[in-house]
Amino acid sequence: MITGQGNIPDDVIEEVLAKSDIVDTVSKYVHLTKQGKYLKGLCPFHSEKTPSFTVTPERQIFYCYGCGKGGNAIKFRMEIEGFSFPEAVKTMAEENDISLPEGQGVPAIPRNPEKERLFEANELSAKLYHFLLKNTEHGTEAMRYLRSRGMNDKIIDQFQIGYAPDRWDTLVQFLTKRSFDLKEMEKGGLLSARHEQEGYLDRFRGRIMFPIHDRSGKVIAFAGRILGEGQPKYLNSPETILFNKSRTLYNLHQAKTSIRKLRQILLFEGYGDVISSWEAGLHNGVATMGTSLTENQVAIMKSLAEEVVVVYDGDKAGMAAALKVIPLLEGVGLRVRIALMNEGMDPDDYIRKFGAERFRHVVESAVSTTKFKLIYLKKNHILLEEDGKIAYTKEALPIIAALNSSTEREVYLRELSSELHLSYESLKQDCNLLRQSMMQKKMDEGDNKENRWNNGRHKKGRVPAPTLLPAYHAAERRLLSLMLQDAEAARYVGDRLGEAFNIEDHAAIAAYLYAFYAQGKSPDISRFMSSLHDDRLEMTVSSIMMMEAPAEWNVQVLDDCIREVLKFPQQREINQKKEEMIKAERSGDFLRAAQIASEIIALERQ
């Protein structure tokens, strides 16, 4: 049986691609809008303000003009989820009910012994910490603290909460007895190297331990909360081959079933909030583990849900943090609401003080992002004073004016009018003037502006003028574009040019393409890309297929391109000969110069 990457049979790869439409796959992570025969959105792989990420349904590929990433549906899942090729295929096969018969080359994802040892060590460490908390004197104080926070045995077991004793070598001894390589364990984030002498010590000491899991439920890291006073309050595992903080959401492995069912995520700031809300009966909560929300985390949420309810702390810092995540979440097309906590309370405090039912009501009553922004602004002004009213109105109107729905604008303007005892008509007039100004500004900053640059990393830059490719380079790209779309064109080019492309990547793509058609396969960009085994070649093919080259071809077009490709090495040789001739003349070797001149004439005749 012919196999593809990772010993996966080609027929399995082809079935996965057939059932994984590129638009459906990407739409779970990126908000796409139709533009002619393409769909466009903000690239999930780099920061940008103007969409340069393009999906082509006809060819089943994606390509970003900003960062150059491109490929088919499998490649997209690899990039967005951090999967290997076999992991992506296996995951997508399971999602589409495609059977992967054991013993026929689809096993098992290729083994990574280092990863496997770290998974095992993390799992054993979690069990050790949990045992020490519940069954030894070391965990007595920690258990007393957890009880004071309202946690019972059932919830402690559910989240596998543990305790790391305030000793230097509890875990060191535990892992040593089980023959783990301590250097590897340090690299994996479980231990720390001693500074003043050789050896290792426990990274976590005197802390309540919260295991962090990947999406499939494997322990990949830990967060340790200090008992009593001290800094840092929470200590997280460092980044390792298992743990990427920006791609991980705490409790996603347990919450994903409820999230898929409800199509809603509750987003918290901390572990305790997630655990308390779980006990309160809300099983769709995840947390960012005390760090800022990342684009990768947003992409994961977009793949699972349609709505995110932000449940952050009720203090100033919590409200400011909620304000920051709104554009990130709305930017990928998620519906966003904000749950309003009592002043100064976090969700965990709220549940313990007011109970589960009242907390569920707070979540259900979460307000729109517009309403939240107005509430946030209001806190900065004294509305009993005229100056405060005017200042608040000036800040509130741009928020309302930015709304696309006239009905929504009217609702908020009437609320503002009633609240501040101002004329609705005058507020509406000011709002309309603001909208006109915004629309004009948007037009002035549109895509045709000369100094626009869509990449967030190049805010101060100017758009570089398009690079004009050398004739031979453009000819090679055009040839490959036609060959990718037509097997007969590929055969014609193969007979006359073979792999004599001047650019190494183009020659490699041509070689793969000849082999692809030699197996009797029909033109299919997405399937061909799965046979390349090379990131750079996949991106090059994606880039070539974004060209506006016609699918139709004739012999004249192919011959013109082939002639341009073959001419380049001859032209290069002529230029080298001319340089040699000049050097010979300068050194006084006129006989040699005359010989080279005749060689140049012969080459030019060719």
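Reader: Which residue of β11 does Gly224 stand opposite?

Author: In this predicted model, it helps to start with the strands themselves. Strand β10 covers residues 219-226, and β11 covers 234-236. Three bridges join the two, and they run antiparallel. Across from Gly224, in β11, stands Leu235.

Reader: OK, so what is the strand order in the open sheet of four strands?

Author: Let's go in from the edges. β6 (162-164) and β11 are the edge strands, each pairing on one side only. The pairing is antiparallel, and the order is β6-β9-β10-β11.

Reader: And by how many degrees are neighbouring strands of this sheet turned against each other on average?

Author: This is a value for neighbours in the sheet, with direction ignored. So don't read antiparallel pairing into it, because angles otherwise run from 0 to 180 degrees between N-to-C directions. The average turn comes to 35°.

Reader: Which helix lies across β6, β9 and β10?

Author: Two helices are worth a look here. α11 lies across β9, β10 and β11, and runs at about 75° to β9, so β6 is not among the strands listed for α11. The other helix covers residues 113-135 and runs at about 35° to β10. The helix across β6, β9 and β10 is α5.

Reader: Back to α11, then: how far apart are the axes of α11 and α14 where they pack?

Author: α11 spans residues 271-279 and α14 spans 347-354. They pack at an angle of about 35°. Their axes are apart by 8 Å.

Reader: How many nonpolar residues does the contact of α11 with α14 have?

Author: On the α11 side sit Gly272, Asp273, Ser276 and Ser277, and on the α14 side Pro347, Asp348 and Ile351. Pro and Ile count as nonpolar, Asp as charged, and Gly as polar. By class, that contact has three polar and two charged residues, and the number of nonpolar ones is two.

Reader: Switching regions, is Asp505 buried or exposed?

Author: Asp505 is found in helix α22, residues 504-518. Leaving aside neighbours within four places in sequence, Asp505 is in contact with Arg536, Leu537 and Thr540. Its relative accessible area is 14%. The cut-off for buried is under 20%, so Asp505 counts as buried.

Reader: Zooming out, what share of the residues of the chain count as buried?

Author: The chain has 26 helices and 16 strands. Its accessible surface is about 31,000 Å², with 49% belonging to carbon and sulfur atoms. Of the 606 residues, the share that count as buried is 47%.

Notes
Residues are numbered from 1 along each chain as its sequence is written. This is a predicted model: local features need pLDDT of at least 70, side-chain atom pairs count only at pLDDT 80 or more; totals for chains, interfaces and linings use all residues. Side-chain values use heavy atoms; hydrogens and water are left out. Buried means under 20% relative accessible area, exposed over 50%, partly exposed in between (1.4 Å probe, protein chains only). Accessible areas come from the Shrake-Rupley method with a 1.4 Å probe; for residues, only the protein chains shown count as cover. Contact means heavy atoms within 4.5 Å. Two strands pair if DSSP finds at least two bridges between them.
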